[in-house]
Amino acid sequence: MDDLVGLAVIVILVVVAGAICGLIALVQLNGLKQEVAVLRAKVTHLQTHKPISQSEPQSEASTAQAALSRSEPIAHKTQPNLTSQSASPPVINQPSAPPKKAKPAKASAIELLFNKLRAGFEQNWMTWIGAIALAFGGIFLAKYSLEAGLLSPVMRLSLGGLFGLGLIAAAAYLHHKRIIFEGFNNYIPAALASGGFITCFALTLLAYSNYDMLSPTVAFFALAIIAISASAMALRLGPLLAVLGIIGAYSVPIWVSTGSGNLFALLMYVGFVSLSAALVAHKVQRIWLWYLLWAGHISWYLVGFTLLKANTVWLMGTFALLSIIGLIAIPRLGLKLNVIELRPHSLKRLINVLPDHALLLAFIAPLIFTMLISHFDMQWQTIGVLSIVLILFLVLKNSRWDIWQAVALASATLLVISAEHTHLSPNLFDDALFIFKNEYGLGLLLGLLLTALGLYYGKKQIKRLAFHVTGAFSAFVMIATLYSLIPNSALSTAYPLWAVVLFVVAAILIKLAQHNTTLFQRFTYWVGANANITLAITMLLSDSGLTIALAVQVLLISVLIKRYNVPMPHWPIKALVAALLLRLTFSPWTPSYDALTVFGLHWSIVVYPLCIALFFAAARCFKASQLKVWLEGAALHCLALFITTETSYQLVGHYPQFDSLNFYEQILLTCNWLALGCVYLHRSKLAGTLAKLYQVAGFALAGLAGLFAIKTLLDDNPLFESLYIGELPIFNWLLLLWLVPAGLTLWLAKLIKPINAKATPFILAVAGGFVLLAINSFIRQYWQGPYIYLSKGASNAELYSYSVIWLILGAGTVIFGHLKNQLLIQKVGLGLLAAVIVKVFLIDMANLEGLLKALSFIGLGLSLVGLSWLFQKLRSRANPV
């Protein structure tokens, strides 16, 4: 009984959903009827009273006529069709007629819809409640006959079946006699028929699951016949029964399962149901019926992969290809596939062809994914090639599917990759002819065929831009895929052939670029030729050669855009740059790059500066464009990578390992990241819409630099530990440890002030702390040498030098503050002088005796008097009387 209750719940939901759909149409019709009635009453009232001007009755009559024209059944408003021979599921993005200017509404659309639904339900509530009651009556009758035991099981089921068939017959009679209404709006017959079919469905399931009166096969076909009969009757009674029939038909394998896992039987049944549902949806013309059809068909298609075996691969492939033909091609091209459309379309329209793209991917993507994870054999190879052929065939039939050429190229690439996983063997490359076998021969063949197809049809149909792209880049993509798969030891054998193919294709593209009619064609062929030549050169280089080649490609594309003034969208260049940056970011931590060299130098010394130059050069090709900011940002990112990686590599012989950085690496990373953070924040002022991204990057780098600075101060401080800082005064590690960060922090404070002024004093205080540490450490290094830890003590000469130098710095700070009229700087200088005086009295003069002590006090007094006179002089100049 649990199955029966579950079925009842689902059926009730279906009925309610169909009822709502019907209510919407009925409410709209009733609203228009009421409007027409009001207009007729006004016309009658005006005709029976005083005469009115000629313009007024014409206006009222035209309004009434417009309202009458709008009162046609809504079901006759079908979706636009791409063909003149057959109706089809609508292309969702088809351009519609320009909307008429609507009068301002007094209430919102939701309120009006709710009011109409309420009015329609008030008028027809008994009809729908009666239909639901009939359905429940049939179910409860079956349940009562089971529990009460009044009649034999056969008699109980027979009486229930007669009741259901009686409801269906009554619905057919009422519709035939047109007693209620006409067309698809004949709701009462549809409601009666719904109750009848639900009753028959429930009784059949009851006979199978509870009485064991039917075998799984018989029950399966009986339920299928009931569901399909409901769909067939929907052609006469409307979409309510179509919903019931489609959902019921697709749900039959759930209720009745033989447990045999017969994939062929399942796919045959689903195909038959989809065919019937397509006919119903085509006749009834409701978009949501197509949605139900697609959902049911694709769901069982995906379930079929769970039953896939080695000997049923061909079955799933055939079902997928037939599904593409039946659900996409036939509705658009007609039953004979002879409705052809060759007019060119813009890229935006090609991308927005829905639901065709989604349906194609729903069938192709699972097929390709399963092929990648399965054992590759002749079945998969045949299915992969047939899918590519079918896609290209459909492209030739309808230009709205031109973008599917990219799907075909991607499928060819994945087909080659899938073949590579199976045919790996140690002896494969011993034979020099391996380049013509297995995945290598397949990839080369597919690349040449796709190139020939694109060039041929690009010449015949010049304005279909996708053919030019396919012809220019197919060989490049396929050979690049093979190049990524082949081991380095076998590349010397394959390179001559691949290089010849690439150079020949490049020569053909250059020749075609000189004899063409469209700017986009010339641009595409030039870029394609350059890509082929670049790949041929890249294969002679190491892994970093590909990176350089792609960066050169970015520059050449930018130059061609500038030279020919091509209105090319920016996203392809952005995608290429993003892929390059991703490659450049992870390369230093890729094991294969550890000992990689270019021209005898470590790869990062060559690749990063070269990419920086190429990106900046490409950015100069775009004057006031967002792409210029994008390319300059890419150059800055490469600069950040170069500084981060190369400094550590030159210092310790490897790239930064962030979990085990030594003292010197921390110093370098602190300076590098703080400098780059400031550069990003400075760049954000000119970045336009990317300003927020630059700010986030700048704050992140500055924050990481701050964390390293704190770690160095607390854990790896040369004042507390015995750390070598260098022999030379000033030009030692202390310069990078504290003085350079001090200057960068001052720059950071200036950059952050417009963004967050409250944080500026804190950052200035940090800069002051860096300066204080730097100057004191320089003084100590002069006296102590390469090790300055405090436990070594300090001589009197060192202590005096602190006082002298800080006295000079404090006085200079006060003078500078007066000259710049900056009160804060003056206060800082006076604070320094006060600290020096305290130090002199408490430390420097504490151990002096006799003449030295007297001379010290005299010198200090004279210094203070001289400073006082100087300050008064400066103050009098700043404020003359």
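1. Start with Y782: in this predicted model, its relative accessibility is 56%, so it counts as exposed. Its partner W783 has a relative accessible area of 38%, so W783 is only partly exposed. The two rings form an edge-to-face aromatic pair, with 5.3 Å from centre to centre and 90 degrees between the planes.

2. Have a look at K792 as well. Its charged end sits over the ring of Y789, 5.7 Å from the ring centre.

3. The count of aromatic pairs comes to 20. Take Y301 and F363: their ring centres are 5.3 Å apart and their planes are at 65 degrees, so this pair is edge-to-face. Y301 belongs to helix 9 and F363 to helix 12, so the pair ties together parts that are 62 residues apart in sequence. Both Y301 and F363 are buried. Ring pairs also bring in F305 and F319, making a cluster with Y301 and F363.

4. Now for helix 17, residues 488-513. Where does it bend? At A494, by about 50 degrees, and the proline P496 follows within four residues. Its buried residues, including A494, Y495 and W498, pack against helix 15, helix 16 and helix 18.

5. A536 gives you a close-up of that packing. This residue lies in helix 18 and has 0% relative accessibility, so it counts as buried. Among its contacts are Y495, A499 and L502. A536 and Y495 are 41 residues apart in sequence, yet their C-alphas are 8.2 Å apart in space.

6. Last, helix 13: its 20 residues reach 29 Å from first C-alpha to last, close to the 28 Å expected. Its buried residues include W380, I383 and G384.

Conventions:
Residues are numbered from 1 along each chain as its sequence is written. This is a predicted model: local features need pLDDT of at least 70, side-chain atom pairs count only at pLDDT 80 or more; totals for chains, interfaces and linings use all residues. Side-chain values use heavy atoms; hydrogens and water are left out. Helices (H or I, at least four residues) and strands (E, at least two) are DSSP runs, numbered from the N terminus. The expected span of a helix is 1.5 Å times one less than its number of residues. Buried means under 20% relative accessible area, exposed over 50%, partly exposed in between (1.4 Å probe, protein chains only). The bend at a residue is the angle between axes fitted to the seven residues ending there and the seven starting there. Contact means heavy atoms within 4.5 Å. Rings of Phe, Tyr and Trp (its six-membered ring) pair if their centres lie within 6.5 Å; planes under 30 degrees apart count as stacked, over 60 as edge-to-face and the rest as tilted. A charge sits over a ring if NZ of Lys or CZ of Arg is within 6 Å of the ring centre and within 35 degrees of the ring normal. Lists of a residue's contacts leave out its neighbours within four places in sequence.
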